[in-house]
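Open the model in your viewer and keep the sequence panel beside it. The stops below say what to select and what is there.

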Amino acid sequence: MNAHPDLIAQGEQTRKDIIELAPGIWTAVGYAASTVHMIEGATTVTIIDTTETTQGAENILAEFRKLTDKPVARIILTHSHRDHISGATIFNEGQDIPILASHLFKSDLVDVDDTIIAPNAALMRRTKMQFGIGLPDDQRISLGVGPGDRPMKGMGAGFLPPTDLIEQDCDIDLDGVSARLIHAPGETDDHMVVWLPDHEILFCGDNWYHAFPNLYAIRGTPYRDFQAWANTLTMLSELNAKTLAAGHTRPVFGAQNVHEVLTTTRDAIVHVMQFTADGLDKGLSLDDICSTLSLPDAIANKPWLKEFYGKASWSARAFAVGTLGWYDGNPTHLGTLSSSTRAAHMAQLAGGVDKLLHKAEQTDDMQWRLEICDHLLVLNEPVEEFKAQTLEALAEVEINATARNTYFSAAQQLRQIANSRS
Ligand SMILES: [Zn+2]
């Protein structure tokens, strides 16, 4: 199975490794979707983040236990995403220990109030597709910022709610290691980073990882505040950390390197905002904004800004919707055609359904082929296999892991439909 060479190379960022950041401070990379960090104090240790599965947490704890047998005194959660909060019942080793998080912490594991109407089934379906759950190993090679191959046992099972909600930035003693907890809204509003001033080590959660920031996740996320994230990256860069331990991917060493990855990522976010705002101000369509958006030359080739996880064009759409809402300024879009009416018009324009199919077969433009296939499917033409092949062709050259996983998952579903018909 083919894959984008840069996405294959990104696998190095999530290779299994226990990395010493300083004497007594380690980070576990590649054992689960997210990283886990351990800080050794005088007689106890502190754990930062806990992975998405109890199996992943068990595997990491076993590695940490080779380094020290001091008991875990506390857990700090950088934010509420499932891949960071689901192994607390393993790391607490059966003890009642404090779990610290931002006062804004809002777990995505807490059952949603069933009086609130929300598209929960859609979110579940899209999440599975984004992460490639159910795909064969040769297709699910990467999560973008995590290994495709990782334990799935105990997914979401080891969550414990925070016991200590931190309202103000504060200094805290981790059994002899000075730390500062700093609110840092970014990928989520409830981010709280951990700064070790004596070691100049920053645990930044998901406000930075080795990939274009996931300003919009295709599983379906509400608007992430781009400006807040950019401001946070400026604030974090001003700490002048010598080591940056991210919530995913390998740590960054060296003050200059840390400063560069943080400020260029901020610059990328600001560029997307400015480019999109300028385009909207000029009255351009979102399709034209997204199809012409690229990063400035100065940062375009930075390996940590490649679109393994987030994507600039998706971010532009999210920024437009997050600031102006869904209406794109073109009054054509104030009215609505149903999919079947539009497909019927398209077939008529092509000179019939057969001619429309022929156009799809003839074109080398994979995106256009997908769009024609969608019309044909609405018209009950059996093009599932044809669309599945097109999606797979796109997946094989796609640098973005969540798009790749989604293309392959959609292809799998289309084949199931085709098979159930025959
Ligand atoms: Zn994460």
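A residue counts as buried if 20 or more other C-beta atoms lie within 10 Å of its own, as exposed if 12 or fewer do, and as partly exposed in between. Asp 175, with 15 C-beta neighbours inside 10 Å, is therefore partly exposed. Keep in mind during the tour that this is a predicted model.

**Stop 1: three loop residues**

Stay on Asp 175, which sits in the loop between β8 (170-174) and β9 (177-183). Its phi is positive, about 55°, although the residue is not a glycine.

Next select Thr 51, in the loop between β4 (45-48) and α2 (54-65). Thr 51 is not a glycine either, yet has a positive phi of about 70°. Is Thr 51 buried or exposed? It counts as buried, because 34 C-beta neighbours lie inside 10 Å.

Then go to Met 152, in the loop between α5 (120-130) and β7 (164-166). Met 152 is exposed, because it has 10 other C-beta atoms within 10 Å. Add Ile 133 to the selection: the two residues are 19 apart along the chain, and their C-alpha atoms are separated by 9.4 Å.

**Stop 2: the seven-stranded sheet**

Select β1 to β7. These seven strands form an open sheet, in the order β1-β2-β3-β4-β5-β6-β7, with mixed pairing. At its edges are β1 (17-22) and β7, each of which pairs on one side only. From one strand to the next the twist averages 20°.

Zoom in on β1 and β2 (residues 25-29), which are antiparallel and joined by five bridges. To see one residue pair, pick Ile 19 and find Thr 27 of β2 opposite.

**Stop 3: β11 and its neighbours**

Now select β11 (residues 201-205). Why is this strand described as largely enclosed by the rest of the structure? Because five of its five residues are buried. In a regular strand, side chains alternate between the two faces of the sheet. In β11, Ile 201, Phe 203 and Gly 205 are on one side, Leu 202 and Cys 204 are on the other, and all are buried.

Add β10 (residues 192-196), which runs antiparallel to β11 and is joined to it by three bridges. Val 194 has Phe 203 in β11 as its bridge partner. The hairpin of β10 and β11 has four residues between the strands, and in this hairpin Glu 200 takes a positive phi near 55°.

Then add β12 (residues 243-246), which pairs with β11 in the parallel sense over four bridges. Here Gly 205 stands opposite Ala 246 of β12. Include helix α6 (residues 226-237) as well: together β11, α6 and β12 make a right-handed β-α-β unit.

**Stop 4: the two domains**

Zoom out and colour the chain by its two parts, domain 1 (5-264) and domain 2 (334-421). Their centres, taken over C-alpha atoms, are separated by 37 Å. The contact takes 14 residues from domain 1 and 10 residues from domain 2. On the side of domain 1 that touches domain 2, the elements giving two or more residues are α1 (5-10) and α5. Which kinds of residue make up this side of domain 1? Six are nonpolar, six are polar and two are charged.

Key
Residues are numbered from 1 along each chain as its sequence is written. This is a predicted model: local features need pLDDT of at least 70, side-chain atom pairs count only at pLDDT 80 or more; totals for chains, interfaces and linings use all residues. Two strands pair if DSSP finds at least two bridges between them. Axes are lines fitted to C-alpha atoms, for helices over the stretch in contact, and angles run from 0 to 180 degrees between N-to-C directions. A crossover is right-handed if, with the strands pointing away from the viewer, the path from the first strand over the helix to the second runs clockwise. Domain bounds come from an automatic or database domain assignment. Two residues are in contact if their C-beta atoms, placed from the backbone, lie within 7 Å. Ala, Val, Leu, Ile, Met, Phe, Trp, Tyr, Cys and Pro count as nonpolar, Asp, Glu, Lys and Arg as charged, and the others, Gly among them, as polar.
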